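Thank you all for coming. I would like to walk slowly through one structure this morning, so please have the view open in front of you as I talk.

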Amino acid sequence: MNLILAITGASGVIYGKKLLEVLNEKNIQTNLIISSAAKKIMKFEIDDSIEELKKKSTENYGPDELDAPISSGSVPTDGMVIAPCSMKTLSSISNGISDNLITRAADVTLKEGRKLVLVPRETPLNYIHLKNMINLSQAGVIILPATPAFYHSPKSTDDLVKFVVGKILEQFGIEHNLYQSWEKVEEKNGF
Ligand SMILES: Cc1cc2nc3c(=O)[nH]c(=O)nc-3n(C[C@H](O)[C@H](O)[C@H](O)COP(=O)(O)O)c2cc1C
């Protein structure tokens with residue numbers, strides 16, 4: 001399996017980092033793109049350097065590398081995830097503005113009929129955000145908000161992050177044990 005993973009400038013870059021680590025552990029090929037805004041936010045939110053993250057990807061590209069292989073539909077991939085996805089990037093994709101490698105690769109993913117999963121992180125959502133999400137959903141994009149559940153009794157930030165990452169993996173049929181399903185929680189608690 002070969003996925004494109006973009007990390008954009010929303011709070012929650014840890015979701016992209018964790019997803020990259022899990023994909024790396026599972027020997028799934030990744031094409032990593034980190035936006036300029038995401039690079040700034042990483043300094044506040046995670047300890048890892050950009051170079052450390054890049055080492056966990058198979059290929060990595062800068063957001064301005066519009067001539068990268070993944071800019072073309074002729075290069076096969078199994079889909080793309082943007083985690084976290086800023087409202088700016090979400091809006092660009094919704095409106096067909098392919099002005100950097102992230103939005104271009106998303107446009108290509110859609111035109112080739114491949115799976116595109118966006119993990120938006122913003123609150124509250126305004127009318128424009130919601131309209132863009134409806135537009136994307138109608139185009140076949142999976143909107144998977146960064147909203148962890150609490151029914152599995154998370155004990156740490158890592159548990160919360162793993163829930164969302166698990167949900168992303170499920171979109172691509174990738175098996176994991178990052179959180180306990182409701183069925184298992186029910187069994188354990190005897191509901
Ligand atoms: C500390 C910080 C946190 C931010 N958090 C969010 C956020 O959670 N969601 C969002 O949509 N934008 C957020 N932004 C704004 C985006 O970074 C900004 O719109 C940027 O242009 C996004 O660019 P990109 O999509 O190319 O990464 C944040 C900015 C900063 C500096």
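To begin, in which helix does Lys167 have its place? Lys167 sits in helix H7, and I should say straight away that what we are looking at is a predicted model. Lys167 is partly exposed, because its relative accessibility is 30%, and, setting aside residues up to four places away in sequence, it touches Leu144 and Tyr179.

I start there since the UniProt record, in an unreviewed entry, places the feature "binding site" at Tyr151 and Lys167. These positions span 17 residues in sequence, yet no two of their C-alpha atoms are more than 14.3 Å apart, so they gather at one spot. Tyr151 belongs to the loop between strand E6 (142–143) and helix H7 (157–171), and Tyr151 counts as partly exposed, with 32% relative accessibility. Not counting residues up to four places away in sequence, Tyr151 touches Phe163, Tyr179, Gln180, Ser181, Trp182 and Val185. That loop between E6 and H7 also holds Ser153, which has a positive phi of about 55° although it is not a glycine, and which is partly exposed at 43% relative accessibility.

Let me step back to the chain. The same record, again as an unreviewed entry, carries the annotation "domain: Flavoprotein" over residues 1–171. Over residues 1–171 the chain is 44% helix and 16% strand, while the end C-alpha atoms are 13 Å apart.

Now please turn to helix H5, residues 101–111. At its N-terminal end there is a cap from Asn100, with a side-chain oxygen 2.8 Å from the backbone nitrogen of Ile102, and H5 is followed by Gly113, whose phi is positive, near 70°. Buried residues in H5 are Leu101, Ile102, Thr103, Ala105, Ala106, Val108 and Thr109, and the buried residues of H5 pack against strands E1 (2–7), E2 (29–34), E3 (59–61), E4 (80–85) and E5 (116–120), as well as helix H4 (87–94).

Where, then, is there empty space inside? Rolling a probe the size of a water molecule over the atoms shows where empty space is left. The count comes to one cavity of 30 Å³ or more, and about 30 Å³ of space lies in the largest cavity. Its lining is made by Ile4, Ile70, Ser72, Val75, Thr77, Ala105, Val108, Thr109 and Arg114, which divide into five nonpolar, three polar and one charged. H5 gives the most to this lining, with three residues.

Is Thr30, in strand E2, buried or exposed? Thr30 is buried, because its relative accessible area is 1%, under the 20% cut-off. Beyond its neighbours within four places in sequence, Thr30 is in contact with residues including Asn2, Leu3, Leu20 and Leu23.

I will end with some backbone details. Most residues other than glycine have a negative phi, and most peptide bonds are trans. Asn27, in the loop between helix H1 (13–25) and E2, has a positive phi of about 55° although it is not a glycine, and Asn27 counts as exposed at 69% relative accessibility. The peptide bond from Ala83 to Pro84 is cis, with omega near -10°, and Pro84 is in strand E4. The bond from Thr123 to Pro124 is cis, with omega near -10°, and Pro124 is found in the loop between E5 and helix H6 (127–138).

Methods. Residues are numbered from 1 along each chain as its sequence is written. This is a predicted model: local features need pLDDT of at least 70, side-chain atom pairs count only at pLDDT 80 or more; totals for chains, interfaces and linings use all residues. Side-chain values use heavy atoms; hydrogens and water are left out. On a 1 Å grid over the protein atoms alone, a cavity is a set of points where a 1.4 Å probe fits but cannot get out, and a pocket is an open set with protein on both sides within 12 Å along at least five of seven lines; lining residues have an atom within 4 Å of a point. Grid points are joined across faces, edges and corners, and a volume is the space filled by probe spheres set on the points. Helices (H or I, at least four residues) and strands (E, at least two) are DSSP runs, numbered from the N terminus. Ala, Val, Leu, Ile, Met, Phe, Trp, Tyr, Cys and Pro count as nonpolar, Asp, Glu, Lys and Arg as charged, and the others, Gly among them, as polar. Buried means under 20% relative accessible area, exposed over 50%, partly exposed in between (1.4 Å probe, protein chains only). Contact means heavy atoms within 4.5 Å. A polar contact is a pair of N or O atoms within 3.5 Å; within protein, one must be able to donate a hydrogen and the other to accept it, and residues adjacent in sequence count only if both atoms are side-chain atoms. UniProt positions are given in the numbering used here, feature names are shortened, and annotations may be inferred rather than shown by experiment.
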